[in-house]
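Please open the model in your viewer and keep the selection tool at hand. The tour below proceeds from one selection to the next and states what is found at each stop.

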Amino acid sequence: GSAQSLISFETPGASHQVYLGDMQINLTDGLLEELHDLRAEGTTILLQLTDGALAVTDPLTRTANGISDAAHAWLSSIRFNPVLEYLGYAVQRNLDADALQANLDAGRLAVTAGGEIYYATDAALDGNAQHRVDLTKEATSQDPSTTHYVYFDAYKMMMINADLNVVMSGAPGDASTLGLHVENLSGGLNSATGERYTLEFENNLGTDSVARVELVNGSYNGRNLDTVYEGNLKAGIVDFVKTGTGSLTINGDVTIDGGIETREGTLVLNGHNSLESLTAGTGDGLTVIGGETLVKGVYGQGGTLELRGVDSRLVVTGSDTMNLATHITGDGTFSMAYGTLRLVDGGDFSGNSTLELQSGSVLD
């Protein structure tokens with residue numbers, strides 16, 4: 001049931017057990033392209049288990065209503081990774097007993113395909129052979145900062161399988177809009193070469209009007225939608241807000257001239273990052289630093305900042321005074337290279353985290 005497993009087995013009772021080998025399948029660009037192509041062809045997908053076996057303690061015997069209640073309960077407990085379930089994929093359960101038994105004996109699960117996945121390669125190539133989406137062309141001449149903010153709203157996932165450049169035009173006209181809607185960001189790694197792709201957001205208005213992007217990982221049928229983005233994230237004068245109860249893990253490098261705020265759920269930054277500001281948490285938000293992050297200022301009104309791992313490091317390079325009401329925990333180092341840190345309204349350090357005060361910095 002992890003963010004990288006394709007199917008989770010949720011056994012409804014002790015009498016129903018699932019026997020399987022390694023079912024961890026990465027949500028790579030190749031896998032999702034195959035699923036998408038099969039969906040487009042209207043084909044039933046047969047997933048073949050190559051290690052281990054599928055078994056049910058009660059035989060798939062026929063009853064007046066088809067297969068046994070126990071077997072149906074077992075089959076109904078098999079669910080996709082919630083992200084793929086959200087995209088419309090499901091284990092097929094309407095086969096007759098003989099077909100179900102044959103598939104189980106062969107280690108196969110029949111899958112009905114569906115859903116829509118956004119691929120970076122859907123964007124047209126520009127003259128430099130770069131995947132590019134110019135959202136300023138989607139805006140009206142009267143208000144160029146309004147209409148293009150809904151461009152990605154219809155997509156349930158942004159799957160990055162090539163470098164992608166997105167051009168924006170300043171802040172949204174509606175002040176209540178959190179930003180350009182990017183849901184369930186995934187991919188970012190060439191599975192054949194190991195190369196990390198880069199998702200880049202440009203703001204053609206620069207400092208005159210800060211653009212905004214909302215990174216959404218919500219929930220579906222009571223389960224959080226957790227995704228892993230293996231690529232790099234790069235941006236100019238753009239602020240990012242993480243929303244939704246699910247988690248987004250970014251394993252590549254994040255380099256932006258704006259800030260990141262974790263408003264809801266969990267945001268994990270595992271690469272080498274450079275930010276203008278980090279709002280570590282509001283409410284129940286959790287921000288995890290797994291690599292090294294350089295930031296001019298850290299802020300928070302509640303929430304938790306976790307420095308995960310002894311090698312994790314958050315370095316504050318340029319803030320005069322930071323009023324931080326955030327719980328800071330973990331095993332890493334919070335380093336103040338400059339400025340004053342003031343813990344207010346319950347802000348504190350716990351666990352094995354280390355506060356490092358360099359010359360010119362103060363803990364008030």
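Select Y151 to begin: in this predicted model, Y151 has a relative accessible area of 32% and is therefore partly exposed, since buried requires under 20% and exposed over 50%. Now add F152, which is buried, with a relative accessible area of 2%. A pair of aromatic rings is described by the distance of the centres and the angle of the planes. For Y151 and F152, the ring centres are 5.0 Å apart and the planes stand at 85 degrees, so the pair is edge-to-face. Extend the selection to Y155, because ring pairs link Y151, F152 and Y155 into a cluster.

Next, display K156 together with Y86. K156 lies over the face of Y86, at 4.9 Å from the ring centre.

From F152, proceed to V166, one of whose contacts is F152. V166 belongs to strand β11, which spans residues 164-168. Is V166 buried or exposed? Its relative accessible area is 0%, so V166 is buried. Which residues does V166 touch, leaving aside those up to four places away in sequence? They are V133, L135, F152, L180, L199, E200, F201 and E202. Then select R132 and draw the C-alpha to C-alpha distance to V166: the two residues are 34 apart in sequence, and the distance in space is 5.9 Å.

The structure holds five aromatic pairs, among them the pair of Y151 and F152 already visited. For another, select F334 and F349, whose rings are 5.8 Å apart centre to centre, with 90 degrees between the planes, an edge-to-face arrangement. This pair links distant parts of the chain: F334 lies in strand β29 (residues 333-336) and F349 in strand β31 (residues 348-349), 15 residues apart. F334 is buried, with a relative accessible area of 0%, whereas F349 is partly exposed at 25% relative accessibility.

Finally, colour the model by pLDDT. The protein averages a pLDDT of 78, and 67% of the residues score at least 70. Select residues 1-5, where the pLDDT is below 50; this stretch has 17 contacts in the model beyond near neighbours in sequence. Then select residues 9-27, over which the pLDDT stays under 50 and for which the model has 57 contacts beyond four places in sequence. Where pLDDT is low, the predicted coordinates should not be read in detail.

Note on methods. Residues numbered from 1 in each chain as written. Predicted model: local features only at pLDDT ≥ 70, side-chain atom pairs only at ≥ 80, totals over all residues. Heavy atoms only, no water. Helix = DSSP H or I, 4+ residues; strand = E, 2+ residues; numbered from the N terminus. Buried < 20%, exposed > 50% of the residue type's maximum accessible area, 1.4 Å probe, protein only. Contact = heavy atoms within 4.5 Å. pLDDT = per-residue confidence, 0-100. Phe/Tyr/Trp six-rings, centres within 6.5 Å; stacked < 30°, edge-to-face > 60°. Lys NZ or Arg CZ within 6 Å of the ring centre and 35° of its normal.
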